[in-house]
Amino acid sequence: QVQLVESGGDLVQPGASLRLSCAASGRTFSDYAMGWFHQAPGNGREFVAAIDRQGDNTYYIDSVKGRFTISRDNAKNTVYLQMNRVRPEDTGVYYCAAATTVRFSRDEYDYWGQGTQVTVSS
């Protein structure tokens, strides 16, 4: 089992920055690729970004390329999502998830955190 706990969500204005964190415990963190998903109000959970087990390769949905950065620190068992130039449409709950290899579908992730709320509003 892998336990995941997200933090860092907040109410921010459009154009602001914030960093989400996801702390993992349980099994060896570096055995898992990690992903971030976004669930906007009334919508399903959608892929945002993923990073492979060693942090060598990252993947993003087009709408966040150049604004968001996923990274990980395997020594701290933590994955991050740096969110810059946020927009109102980035509002929602952000979840981190773990899988044995990089995946882009929510159905292919094995472990999930409880989510952290991000609200972008002026």
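**Exercise 1. Place Arg67 and describe its surroundings.**

Arg67 sits in the loop between strand E6 (58–60) and E7. Strands here are DSSP runs of at least two residues, helices (H or I) runs of at least four, and both are numbered from the N terminus. The model is predicted, so local features need pLDDT of at least 70 and side-chain atom pairs pLDDT 80 or more, while totals for chains, interfaces and linings use all residues. Residues are numbered from 1 along each chain as its sequence is written, and side-chain values use heavy atoms, without hydrogens and water.

Step 1: take the accessibility. The relative accessible area of Arg67 is 4%, so Arg67 is buried. The cut-offs are under 20% for buried, over 50% for exposed, and partly exposed in between (1.4 Å probe, protein chains only).

Step 2: list the contacts, meaning heavy atoms within 4.5 Å. Neighbours within four places in sequence are left aside. Arg67 then touches Gln82, Met83, Asn84, Arg85, Val86, Arg87 and Asp90.

**Exercise 2. Find the disulfide and say which parts of the chain it ties together.**

Step 1: apply the rule, a pair of cysteine sulfur atoms within 2.5 Å. The count is 1 disulfide. Cys22 and Cys96 form it, with their sulfur atoms 1.9 Å apart.

Step 2: locate the ends. Cys22 belongs to strand E3 (residues 18–26) and Cys96 to strand E9 (residues 92–99), so the bond ties together parts 74 residues apart in sequence.

Step 3: read the torsion. About the S-S bond of Cys22 and Cys96 it is about 50°, so the disulfide is right-handed.

Step 4: check burial. Cys22 is buried at 0% relative accessible area. Cys96 is also buried, at 0%.

**Exercise 3. Work out the strand partners of E4.**

Step 1: use the pairing rule, at least two DSSP bridges between two strands. E4 and E9 run antiparallel, joined by 7 bridges. In E9, Cys96 is the bridge partner of Trp36.

Step 2: turn to strand E5 (residues 45–51). It is joined to E4 by 6 bridges, again antiparallel. Phe37 has Phe47 as its bridge partner in E5.

Step 3: inspect the hairpin of E4 and E5. It has 5 residues between the strands, and Gly42 takes a positive phi near 80°.

Step 4: ask how covered E4 is. In strand E4 (residues 33–39), 6 of its 7 residues are buried.

**Exercise 4. Give the strand order of the open sheet of 4 strands and find its edges.**

Step 1: read the order. It is E1-E3-E8-E7, with antiparallel pairing.

Step 2: pick the edges. Strand E1 (2–7) and strand E7 (68–73) each have a single partner strand, so one side of each lacks a neighbour in the sheet.

Step 3: look at one pair. E1 and E3 share 6 bridges. Glu6 has Cys22 as its bridge partner in E3.

**Exercise 5. Describe the aromatic pair of Tyr32 and Tyr111.**

Step 1: state the rule. Rings of Phe, Tyr and Trp (its six-membered ring) pair with centres within 6.5 Å; planes under 30 degrees apart are stacked, over 60 edge-to-face, the rest tilted. The count is 8 aromatic pairs.

Step 2: classify. Tyr32 and Tyr111 lie 6.0 Å centre to centre with 80° between the planes, an edge-to-face pair.

Step 3: place the rings. Tyr32 is in the loop between E3 and E4, and Tyr111 is in strand E10 (residues 111–112), 79 residues apart. Both Tyr32 and Tyr111 are buried.
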